[in-house]
Amino acid sequence: MKRYDVPDWPLLATYLISEASLQKSSRWFNYISALPRQPYSLLYWTRTELDMYLEASQIRERAIERITNVVGTYEDLRSRIFSKHPQLFPKEVFNDETFKWSFGILFSRLVRLPSMDGRFALVPWADMLNHNCEVETFLDYDKSSKGVVFTTDRPYQPGEQVFISYGNKSNGELLLSYGFVPREGTNPSDSVELALSLRKNDKCYEEKLDALKKHGLSTPQCFPVRITGWPMELMAYAYLVVSPPDMRNNFEEMAKAASNKTSTKNDLKYPEIEEDALQFILDSCETSISKYSRFLKESGSMDLDITSPKQLNRKAFLKQLAVDLSTSERRILYRAQYILRRRLRDIRSGELKALRLFSGLRNFFK
């Protein structure tokens with residue numbers, strides 16, 4: 001496989017499948033037999049389940065993209081390598097189902113080791129530590145002991161569960177890879193992806209689209225919104241969307257700032273269109289909120305009439321995950337909505353004061 005230049009991820013996935021097929025003769029048998037046969041990552045959600053439960057969240061698109069990539073990776077290996085060496089890669093062992101399983105394990109358990117130049121590794125048993133949003137300690141390779149070590153963030157009592165950090169990930173990212181959603185308000189790294197799009201009826205649509213493509217952006221484009229606010233890249237994109245034709249000389253600057261490829265993005269301000277930009281973000285925010293609210297309202301009446309009790313439990317479990325994610329993401333959008341309305345009110349009240357002052361001066365001179 002190295003002769004075919006197979007990257008680390010599919011190489012590890014293939015190795016894991018191979019070791020699992022050896023069963024008790026594998027040196028990793030005890031570890032592999034303890035792994036879940038069906039990881040709870042979104043790889044195992046059907047397209048119908050993704051469409052039904054995650055219609056309001058941008059994490060749905062990420063899940064579809066990930067599933068497509070896994071299927072594409074398997075098909076590439078099958079056509080380039082497996083089909084040419086069937087004695088080494090029999091189809092009953094190396095197939096789309098086993099690859100979905102192995103990639104599900106990798107997405108939920110693979111560890112990046114900073115001291116080994118960020119190399120990825122499966123670390124048996126250590127990968128069974130659970131995540132806690134308040135913990136900031138990670139696994140890493142220790143050169144002196146030549147092993148992977150974990151230093152706890154605090155003293156633990158005998159019998160107490162030891163936690164680790166899976167990284168500064170949003171609730172959506174944790175659901176995507178690990179299949180769980182932290183309790184609402186407990187994840188300081190939580191964010192929601194807000195999609196912004198150019199307006200099709202914009203006279204400068206093609207010019208703006210070209211500027212975006214030049215800097216690796218598209219329409220729609222997603223930006224992370226946190227409970228504390230949103231990045232300048234989002235504001236730059238909004239400036240570009242609302243900018244009139246007489247500002248076409250600034251399209252390039254706006255697109256560049258939206259792509260995070262400029263060192264001056266923090267100084268990017270266009271006071272003459274700031275109100276329009278904030279209103280555009282608010283409109284996009286409220287459109288997204290309405291999707292979440294509709295899902296959460298309808299989720300109580302979703303049809304869960306499944307004949308198999310096991311299948312019923314699965315549907316109820318997935319639905320609860322989706323409700324938890326939608327509730328946390330909508331909470332962030334509500335906060336953004338509040339901030340945007342306050343800023344727009346301040347801008348407009350300032351304009352009214354200016355107009356009243358101008359009107360008073362005009363009447364005085366009359």
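**Close-up views of a predicted model**

**View 1. Residue W125 and its backbone.** W125 has a relative accessibility of 48% and therefore counts as partly exposed. The model shown in this and the following views is predicted. W125 is not a glycine, yet its phi is positive, at about 75°. The residue belongs to the loop that runs between β2 (119-121) and β3 (130-131).

**View 2. The protein chain as a whole, given as context for the close-ups.** The protein chain contains 11 helices and eight strands. Of its 366 residues, 43% are buried. Among contacts with a separation of 6 or more, 69% join residues 24 or more positions apart. The exposed area of the protein chain is about 21000 Å², and 50% of this area is supplied by carbon and sulfur atoms.

**View 3. Residue D5, ahead of α1.** D5 sits in the segment before α1 (8-21). Its phi is positive, at about 55°, although D5 is not a glycine. Because exposed residues are those over 50% relative accessible area, D5 falls in that class with its value of 65%.

**View 4. Helix α6 and the residue that follows.** Helix α6 spans residues 171-178 and is mostly covered, with seven of its eight residues buried. The buried residues are N171, G172, L174, L175, L176, S177 and Y178. G179 comes just after α6 and adopts a positive phi of about 80°.

**View 5. The cis peptide bond at P220.** The peptide bond that leads from T219 to P220 is cis, and its omega is near 0°. P220 is located in the loop between α7 and β8.

**View 6. The largest nonpolar core.** This core has 46 residues, and the members that touch the most other members are V225, W230, L234, M235, Y237, Y239 and I281. Two or more residues of the core come from each of β7 (191-196), α7 (205-214), β8 (221-226), α8 (232-242), α9 (251-258), α10 (271-298) and α11 (309-365). The element that gives the most is α8, with 10 residues.

**View 7. The surroundings of M235, and a separate core.** With its neighbours within four places in sequence left aside, M235 is in contact with W230, E274, A277, L278 and I281. Apart from the largest core there is a second, separate core of 23 residues, which includes A13, I17, F94 and W101.

**View 8. The packing of α8 against α9.** Two packed helices are described by the angle between their axes and the distance between the axes. For α8 and α9, the axes come within 7 Å and cross at roughly 155°. Angles over 145 degrees count as roughly antiparallel, and α8 and α9 are therefore roughly antiparallel to each other. Their crossing is left-handed. On the α8 side, the residues that take part are E233, A236, Y237, Y239 and L240, and these meet F251, M254, A255, A257 and A258 of α9. Two of the α8 residues named here, Y237 and Y239, are also listed among the residues that touch the most other members of the largest nonpolar core.

Notes:
Residues numbered from 1 in each chain as written. Predicted model: local features only at pLDDT ≥ 70, side-chain atom pairs only at ≥ 80, totals over all residues. Heavy atoms only, no water. Helix = DSSP H or I, 4+ residues; strand = E, 2+ residues; numbered from the N terminus. Buried < 20%, exposed > 50% of the residue type's maximum accessible area, 1.4 Å probe, protein only. Contact = heavy atoms within 4.5 Å. Areas by Shrake-Rupley, 256 points an atom, 1.4 Å probe, with all protein chains shown as cover. Core = buried A, V, L, I, M, F, W, Y, C linked by side-chain atoms within 4.5 Å. Axes fitted to C-alpha atoms, helices over the stretch in contact; angles between N-to-C directions. Parallel < 35°, antiparallel > 145°, perpendicular 65-115°, else oblique. Left-handed = near helix turned anticlockwise from the far one by under 90°.
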